[in-house]
Amino acid sequence: MSRFEDARRTAAEERAREAVRCLPQPPASPHFRLALKERFVAGEVPAAPDLREVRPVRRRLLGLPRPVGIAVLPLAAAAVLILVLGLLNRGPAWRIADSTAHGTLLVDGEPVALDSPGAAERVLRPGRRIAAGETGAVTLVCPERLVLRIPPGGEITLPRPPGRWFGRTVRCALTRGSVGISSGPEFTGARLLVATEDADVEVLGTTLAVILIPEGTCICVLDGVVRAAPKHGAGTAVPAGRRCTVFHDDRPPTLEEIDEAERETLLRIDSF
Amino acid sequence: MERTAMQEADRPVSDSEHRDESLPLPPEARPFPSIERTIVEAVRRRESEALGQFFEHYFDRVFGLAFRLLGSRTAAEDATQEIFFKVHRAAHRIDPERDPAPWLITITLNTCRSYWRSATHRMSRRAVTIDSSPEPGPEIADPQRNPEEEFAAQQRERIVQEAILDLPETLREVVLLRDYQGLDHREIATVLQIGHDAVRKRYSRALAELGRLLQERIP
């Protein structure tokens, strides 16, 4: 310690230091001193304690020290609960309707044979582009929830099946041609959002077709109510039996009666 | 060139200043005495005579430090016994090239720290009253002091020891090693395995706190 530091000591600190320095050497018990010396010299020294025996067993929780385990346990339980709910919430997987199980399907542009539906269904993953082959329309079914009928020339991105309790809003995009949509009894409370280049179509439980036409997007509704909106405009409710056309340009959407051909197509979709 | 206060504080401290030549230690200061190398070599071989010499050489310092750290004769005896048992078990590993004192001090500190952490010690500290602790030394009358002076000295020792025990353990260690055992900051840094600056800071805090406690308790 430098002289400088000494000069900075307060009077109380100096007193304290002096008090410690003046503490006397505590004399040990002569009996204790002698006994210990005898043992030390004779080597009568017990073996080092096995700390695994003397230390209390530290109880562990979740493989962690108990306090950490207690803090982590609610998180772990929540994670398990979320995982279980997530698994239970998942809707059924997409499958191919038997009646259309022939020909080929295009998945992300790659042909997949429909004669072995199991093999084809393995590639039906949400987000993939699905298009019907030249041989005919293909109908995809999410049991009790949605039916998607893709005629030749049509291509959509496959939506995720709506969940049982949450994740009830699902999205897909119509990139080519047209798609027929029908909802099932388990679709109640769910939403399907179909996006085209010009329009956003919100499906709330109905049977409808979304068709890309040269002028824009046409939405034909058989049953229920659909809301269709241009990309940058207000939405229009399309009731059952009506057709709404959303244009590329600034023309406002139109609303007309659907014709018989469209009605027949929609009824076939509704029958799934 | 005249230095500012800041420059003076930052100036590297020389070896002589480490030993605080400006403030010579009083006779009561008790540095651990060095021991002959031949004795240490014989201790490594656990020769009885060397063990006895080693014991006599260090017992008072070990017991004294343990007593001041723990504040209890019973605890100090337990700790001292454990310390010498550890020394005996590890005797074959003593390095005769080095002074065993820092090693012995380290064992003493570690043993006392284990005692501090023990349930026994925590219970005994809670049960302490101002009248019962710390235990005074045996009643050995100093013929040069009259009974009143002797009593006053014992009371003062008790108050100082109590104040030391009220310090946080990290500060208690430093102030006892520095002012009771007479180690310099470098030796304390080696024993405690902390930096020199950390030793200085802890020592300053220890003195400040001890000064405050004693000011309250000693009129």
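Helix H7 of chain A and A:Glu144

Colleague: Which residue caps the N-terminal end of H7(A) in this predicted model?

Modeller: A polar contact here is a pair of N or O atoms within 3.5 Å, where within protein one must be able to donate a hydrogen and the other to accept it, and residues adjacent in sequence count only if both atoms are side-chain atoms. At the N-terminal end of H7(A), a side-chain oxygen lies 3.3 Å from the backbone nitrogen of A:Ala261, and the residue that supplies this oxygen is A:Asp259.

Colleague: At what pLDDT do side-chain atom pairs count?

Modeller: Residues are numbered from 1 along each chain as written, chains are lettered from A and ligands numbered from 1 in written order, and side-chain values use heavy atoms, without hydrogens and water. Totals for chains, interfaces and linings use all residues, whereas local features need pLDDT of at least 70 and side-chain atom pairs count only at pLDDT 80 or more.

Colleague: Within what arc do the buried residues of H7(A) fall?

Modeller: Helices (H or I, at least four residues) and strands (E, at least two) are DSSP runs numbered from the N terminus, and the buried residues (under 20% relative accessible area, 1.4 Å probe, protein chains only; exposed is over 50%, partly exposed in between) of H7 (260-270) are A:Glu262, A:Leu266 and A:Ile269. They line one face of the helix, because the directions from the axis to their C-beta atoms fall within an arc of 50°.

Colleague: What is the relative accessibility of A:Glu144?

Modeller: A:Glu144 is found in the loop between strand S7 (138-142) and S8 of chain A, and its phi is near 70°, a positive value in a residue other than glycine. A:Glu144 counts as partly exposed because its relative accessibility is 47%.
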